[in-house]
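Trainee: I am new to this structure and should like to understand the terms used to describe it. May I put some questions to you?

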Amino acid sequence: MKNIKNLNIMNSYAEELHEISEKCPPEGFKQAEMILKNYSLAEELGFDRDYVDSSDCLDVFAGNKLLKDSIPIAQGYSGHQFGHFNPQLGDGRAILLGEINKMDIQLKGIGQTPYSRRGDGRSALSPVLREYVISEFMHALKIPTTRSLFALKTNENVLRETVLPGGILTRVAKSHIRIGTFEYARTKNNEVLKTLADYSIDRHYPDLKHTDNKYLSFFAAVCDKQASLISKWMGLGFVHGVMNTDNMTISGETIDYGPCAFMNTYDPKTVFSSIDHNGRYSYQNQPAILIWNLAKFAETLIPLVDEDTDISVKKLTEVLQLAMPSYQEYFYKEFGEKLGLENIDNDNSKIIDDYLKILHSESIDFTLSFRNLAKIVDQSLTIDDSVFNKSKDFPKWYKSWKKEINTVNVSEKINLKNPCFIPRNHLIEDALINAVDGSMKEINLISELLKEPFTEKKGFEKYTLAPSSNEPYITYCGT
Ligand code: AMP
Ligand code: MG
């Protein structure tokens, strides 16, 4: 029998946090087949290739067979969704098999759990594949994210507005602990809350264990991780789309790729999600929502930071107030690197702001603009042939920018920071339609290109371009 090399599945969450999780063996999908396999991630986890290709592996990740020692659970969590508190969310369609190499192994779309409420616990195939491709792209860019190990087709249907083919995603994460997990623990009692906080510190921020006030330091560390993460999203033109507190991890990994999408033309008000009518989670609002969510997180920690509530609130507020300046620092560092600037000071931050004003006023493609800039500076493209050709302000901006950069190797530097390939909405959409129809050719090709997002490839120019039509792109939550 084939086996997983060195496999050692642990169940620390199931064992230590049973008050906020429910044991839940998957029912399984007998007809399932694997359609995307992430061999390199499998190897990192200690699975050998033979195992990945075995029927045993299919059985495990289709939920038909349990890994030895696995204690499958569904995790409970609450969450503020579009600003409204929902105390009872939880893994309604996901089951955690346990941890391998300290990484959570979760099956998403695997059927009902005690937290399913009225849902069927299932996922449609298309969003499973979408999450697979986009999360692996984020990883290729070194943006903290949950990973995708396998995508399976269940060969059973799910009923949404129409009947759709079903899918299962094997999601791998540093953990699935969310701000919403703390909100849920807070609805239980302070003992549970403390156990969750200690567990989280042990797992994600072990260096803080011996600090003076480890819960306050923990809060500061999460603020820092999330501020850095959101600055990276902004640098990529990524709109998460559903930054509810249950979709924000305490590890700082991007999670839940439901209605997310990438901006084409630069417009800070960009929203893709069909349900985000007021633009709460628009591109430009992401930093403000970050702070809002961190404030909700801070509230959960009040009982732990100090016995005296007033002191606790004061201390947490002081830390929270540093989150926006810290985000801003990350933001300018991120965009400074994107523009090949040597260092960031007041003058340079104005160069960044002015650049974004040009993109906005001329509706220029965000991703392409940086690659064009690299070509202009190495003289392989003229301004007239570039995306900046209509901008009256660009030549002046270009002159002041050039004064602030070291022109040696600047185009290489820019190209190493700015991807030419991103999961363009129109390309992904076409590839998903084909994949659901049974042809994986296009999605496999896009996945390959996105593994090396900085390297231009002859013959694949169309994959770097924005769509020819400017029709608004709409995304849906419903996996
Ligand atoms: P999400 O949109 O992925 O952030 O999910 C929000 C909440 O709805 C989570 O508690 C999910 O587990 C739950 N949920 C979403 N889809 C389903 C489904 N098909 N069946 C059961 N629960 C679901
Ligand atoms: Mg979610």
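Mentor: Let us begin with a definition: a disulfide is a pair of cysteine sulfur atoms within 2.5 Å. The model is predicted, so local features need pLDDT of at least 70 and side-chain atom pairs count only at pLDDT 80 or more, while totals for chains, interfaces and linings use all residues. Residues are numbered from 1 along each chain as its sequence is written, chains are lettered from A and ligands numbered from 1 in the order in which they are written, and side-chain values use heavy atoms, with hydrogens and water left out.

Trainee: Why is Cys 420 too far from the closest cysteine sulfur for a bond?

Mentor: The closest cysteine sulfur, that of Cys 260, is 20 Å from the sulfur of Cys 420, and therefore too far for a bond. A search of the whole structure finds zero disulfides.

Trainee: Why does Cys 420 count as buried?

Mentor: Buried means under 20% relative accessible area, exposed over 50%, and partly exposed in between, with a 1.4 Å probe and protein chains only. Cys 420 has 3% relative accessibility and therefore counts as buried. Cys 24, at 5%, counts as buried as well.

Trainee: What makes Asn 247 and Asp 256 part of the coordination of the magnesium ion (ligand 2)?

Mentor: Donors are N, O and S atoms within 2.8 Å of the metal (3.2 Å for Na, K and Ca); water is not among the atoms, so sites may look incomplete. Asn 247 (OD1) and Asp 256 (OD) coordinate the magnesium ion at 1.8 to 2.2 Å. Both residues are buried.

Trainee: What is the distance between an oxygen atom of ligand 1 and an N or O atom in the side chain of Arg 93?

Mentor: That distance is 2.5 Å, and a polar contact with a ligand is a pair of N or O atoms within 3.5 Å. A nitrogen atom of ligand 1 is 3.0 Å from an N or O atom in the side chain of Asp 120.

Technical notes: Polar contact = N/O pair within 3.5 Å; in protein donor to acceptor, adjacent residues only side chain to side chain.
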